[in-house]
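Me: Could you take a close look at the aromatic side chains in this one for me? I'd like to hear how the rings sit against each other, and then a word on the cysteines.

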Amino acid sequence: MSYKSDRPTFHERLDHFVSVIRTDILNGIRQEGTYLPSESALARQYQLSNKSIRKGLDQLVEEGLIVKIDRVGSMVTPHSRESVTINYGCPLSLTSDFMIDDLIAEFSRRNPGIHVRRITLNPLGYVRSAEEMMQNGLLDVVAFNSSQFQEWNELGLTPLLEELGSDKAIYPITESAFRIEDKVYARPVSFSPVVLCYNKQHFRDADIPEPDSYWSWDDLIDATSQLAKSRGRHGIYFLPASENRYSIFLLQGGKGRKELPDGSSRLNMLEGLDKLNELINNRLIFPNYWAQGNDETIRLFAEGQVSTILATYFNLNEFAHMNLEYDICPLPSLHRGDPQKTLMLSIGTALVHHSPSKEAASRFMEFLSSADAQMMIRDKTISIPARKEAAEATGNQGGLNRPSRYSMFREMLPSYAYHKEIGLQMQTLRMFSRFLKEYWSGMIDVNVLYEKLENLAVQSEIGEQTMPVVKQS
């Protein structure tokens, strides 16, 4: 199977055209008062008819982004002198996670006096990038995922954000990711657990029962070994060094220490790490492949190179328009019968405390979590809205290729845990990932690896005791 979905339909090409022009205008790439290319030029560029281009331009006129001038062309609408521009810092991934550009366009249509400029923050140093831009007055609103916000708080940066009230329509567990003591600092927009995603046809062809919530990692290893032998392909893949993947095994290992017969003790999380190493060192089921990111993992799965992957609901958006027979189930546990536990990722929007356009910025932040915006996320993506009513809505499925077990996230809520429940600070976790790569590359042995983790755990405990106290300025 090709990784790419079927040839885009007319409606998809038209939506793409409108989305690109809209985003260019909202981000200032196409300046106010300038003209778009001619209809015929746009038709050639976007492989649409002139009639379709006119239809798309009419939509942009309705949104107030352009005006049509007879015998001249389509001009980007000059902003009113009374208009307000707010700067929204976020990762590029939000364009696919929950179609942020469509949400911005809808907000702009409803609030013609407020223009939202989306600013892509550096993914390799997201927290420091956001801090620097805030300190220089360049952001009004900023997106955080749960681990980024944890790091933000650990660095004592929370006073840069506005304290918010609680929203009872939002799943409480999503809000807890952005809560410090009794104060909330970001409004949740979407969330996802990490789940097991599998190719249904591969299991059926190999006459192997599909995975279920009772599976342990040993069950997964057995099943993927059979799949590998049956198909001549590897059984499972994920990016081992990703903080949203190896952290799962530390989480399932648990906090604290286990007393050994010789009187010594061992970190419980090392048991989870033992299973991780067993899994990825099994060359029958796990390829010796270093992906550059989740996109490559998704490609391997979509092309049938592997039968199972660890994924989030955000990742599943890549399959939304594919003819791919897949499904999801909860992650396996360390031991059969153990309580289920998986990593939870939440994405929220925070208001910059010293924003000069706080009222407009607050209106945009609240819109992203509003009933209408959350239903747009539900209908147009496979991501889970943070608003309970929208997440559990039935009816319009948007024609997307959703897994049959899409709604299982509701039953999994008790199994969700954030990175902070591992007991290590985010900077410590990222440092540990470097040691993991050294071990997997054969540069250090397992004893050195575990000694380094022991040392990092002790340092993290000391760090928690000396963390700066967060005070609202």
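Reply: Sure, and keep in mind that this is a predicted model. Let's start with a pair in the interior: Y198 and F203 are both buried. Their ring centres are 5.4 Å apart with the planes at 70°, and since an angle over 60 degrees counts as edge-to-face, that's what this pair is.

Y313 and F409 make another edge-to-face pair, with 6.1 Å from centre to centre and 90° between the planes. This one ties together distant parts of the chain, as its two residues are 96 residues apart. Y313 sits in the loop between β12 (306-312) and β13 (326-329), while F409 belongs to helix α17 (residues 409-412). Y313 and F409 are buried too.

Zooming out, the count of aromatic pairs comes to 25. There's also an aromatic cluster made up of W217, Y237, F238, F249, F286 and Y289.

Some rings have a charged side chain over the face. R402 is placed that way over Y406, 5.2 Å from the ring centre, and K452 does likewise over F435, at 4.4 Å from the ring centre.

Now the cysteines. A disulfide is a covalent bond joining the sulfur atoms of two cysteines, and searching the whole structure turns up zero of them. Take C197: the closest cysteine sulfur to its own is in C329, 9.3 Å away, which is too far for a bond, given that a disulfide needs the sulfurs within 2.5 Å. C197 is buried, at 0% relative accessibility, and C90 is buried as well, with a relative accessible area of 0%.

Technical notes
Residues numbered from 1 in each chain as written. Predicted model: local features only at pLDDT ≥ 70, side-chain atom pairs only at ≥ 80, totals over all residues. Heavy atoms only, no water. Phe/Tyr/Trp six-rings, centres within 6.5 Å; stacked < 30°, edge-to-face > 60°. Buried < 20%, exposed > 50% of the residue type's maximum accessible area, 1.4 Å probe, protein only. Helix = DSSP H or I, 4+ residues; strand = E, 2+ residues; numbered from the N terminus. Lys NZ or Arg CZ within 6 Å of the ring centre and 35° of its normal.
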